[in-house]
Amino acid sequence: MKRERRSWAEPWKIKMVEPLQVTTREERTKAIEEAGYNTFLLRSDDVYIDLLTDSGTSAMSDRQWSGLMMGDESYAGSRNFFHLQDAVRDVYGYGHTIPTHQGRAAEHIISQLLIKEGDVVPGNMYFTTTRLHQEMAGGKFIDIIVDEANDPESEFPFKGNICLEKLNRVINEYGADRIPYLSIATSVNMCGGQPISLENFQQVAAIAKQHGIKIVHDMTRCVENAYMIKMREPGQQDKSIVEIIREICDLTDAATMSSKKDHLVNIGGFLAVNDDELAELARNMVVVFEGLHTYGGMAGRDMEALAIGIHECSHFDHIAARVGQVLYLGERLQEFGVPVVRPIGTHGVFLDARRFLAHIPQDQFPAQALAAELYVDSGVRAMERGIVSAGRNHETGEHHGSKLELVRLTIPRRVYTQAHMDVVAESIEEVWEMRDQVKGLEMIHEPKHLRFFQARFRPVNK
Ligand code: P61
């Protein structure tokens, strides 16, 4: 009999394994209490399947590990830096690469160089570290993403798109002089790993050019976005992933990169720019905060593994399997009727805590409570992406507020199997069945910056 549909599998096999610990429910109940109901404060030894983040958690290939052995640890002019610079030029096209220890260091440098007090920075939904660095440089972030991004049930295929009307409104209201750049992310993290279309990016770039406004691209998950463009956007099917990436990057002036995601390494990042003068300023600043401009915060060996990862991650088979695994988990959860952000994004499945725990008001942090409950059920670690993550407005001190109240199940690359995804799905189904018993939380410790990392909570009425 001829099968209509043939299964696919990951384009690799496993060479080395890391044993996992399974804890008891009692142990987990104690661990989450000690962690102040914040999954960031758990010890990883107490975690079974770790879906906190896809950042720095990927498995490197045998080729990348070999790259580590070829580290040139010279203080200046390491050959690995030139490999990195060449890889960035080949895949992304930017002329200058300034290495940093990770993404937020690149955000710091570009924000300090381009933003001045009183400026506004429009973008397609905030990211925590990106917005903070923009604010610390004296700017105000303005969200100009399409409305669909804030609706978990909307099936719009490009929820990372910029709303052109909102963009034009901001330019009219503030004037181009007060807009140092547009901050545009590919595969928008906070709304569910949602892609921006090439067409929308081109339209935005045309408007920016007309007003002389720069575009700074957060390309942390650009490969994933390029894959979505190839799969979903009419007319893009025949292009390679790298061709699509290059078309996107050619529309922009600079890019910040956290290589801990797409690039399949455990640490690293960079700032990439085309303009010679801006590159010179950035190279001068990186020596103050990170290290010499040919290593940033990285060891030579890390730059070599990164250069190899840049090529590996842009292969179609890799990216199709990576996003395919995320989709698999999302589809399983939908079979159980669990409310998730639709369409399923590229780096994780996002539970809609507003609908999941409809009896808990947002000021009792339903997504935080859901992530804690899931951990207690099975040792699966997820992350809150709602009102806690959104933080407070710097000027008014009020909660920023967040229309989205999500729990992110983030899938590390090349780390877990389909069986792990099944265990995760079944645990979430179990929590879904007993959702009425989950209680809200109150915050008992709130750090000033990026509070979600270190905040502590306790259950209400306890
Ligand atoms: C993550 F809870 N992301 O998703 P760095 N831009 C983008 C990112 O996703 C990103 C950075 C810049 C992380 C780690 C993390 O609120 C959080 O290399 C789109 O982490 O400095 C990082 O890159 C920053 C988790 C960061 C968070 C901030 O899990």
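Let's begin with a sorting rule: Ala, Val, Leu, Ile, Met, Phe, Trp, Tyr, Cys and Pro count as nonpolar, Asp, Glu, Lys and Arg as charged, and the others, Gly among them, as polar. Keep it in mind as we walk through this predicted model, starting at the ligand.

By that rule, the shell around the ligand holds five nonpolar, nine polar and eight charged residues. The shell has 22 residues, and those that come nearest are Thr 53, Arg 104, Thr 128, Ser 258 and Lys 261. As for where the ligand sits, it is in the second largest pocket.

Now look at the oxygen atoms of the ligand. One oxygen atom is 2.6 Å from an N or O atom in the side chain of Ser 258. For the side chain of Arg 104, the distance from an N or O atom to a ligand oxygen is 2.7 Å. Arg 385 joins in too, with a polar side-chain atom 3.1 Å from an oxygen atom of the ligand. How much of the ligand does the protein bury? Taken alone, the ligand exposes 580 Å², and the protein buries 96% of that.

It helps to see which elements supply the shell. Helix H4 (103-114), helix H5 (128-136) and strand E11 (383-385) each bring at least two residues to it. H4 gives the most, with three residues.

H5 deserves a second look on its own account. This helix is mostly covered, with eight of its nine residues buried. The buried ones are Thr 128, Thr 129, Thr 130, Arg 131, Leu 132, His 133, Gln 134 and Glu 135. If you follow the backbone just past H5, you meet Gly 138, which takes a positive phi of about 100 degrees.

Let's turn next to two loop residues. Thr 39 lies in the loop between helix H1 (25-34) and E1. Is Thr 39 buried or exposed? Thr 39 has 3% relative accessibility, so it counts as buried, the cut-off being under 20%. Its side chain reaches the backbone oxygen of Ala 382 at 2.8 Å.

On the other side of E1, Ser 58 is found in the loop between strand E1 (49-50) and helix H2 (62-68). Ser 58 is also buried, because its relative accessible area is 6%. Which residue has its C-alpha atom 6.3 Å from that of Ser 58? The partner is Val 415, and the two residues are 357 residues apart along the chain.

Notes. Residues numbered from 1 in each chain as written. Predicted model: local features only at pLDDT ≥ 70, side-chain atom pairs only at ≥ 80, totals over all residues. Heavy atoms only, no water. Near = heavy atom within 4 Å. Polar contact = N/O pair within 3.5 Å; in protein donor to acceptor, adjacent residues only side chain to side chain. Areas by Shrake-Rupley, 256 points an atom, 1.4 Å probe, with all protein chains shown as cover. 1 Å grid on protein atoms, 1.4 Å probe; cavity = no way out; pocket = protein on both sides within 12 Å on 5 of 7 lines; lining within 4 Å. Sits in = over half its atoms within 2 Å of the grid points. Helix = DSSP H or I, 4+ residues; strand = E, 2+ residues; numbered from the N terminus. Buried < 20%, exposed > 50% of the residue type's maximum accessible area, 1.4 Å probe, protein only.
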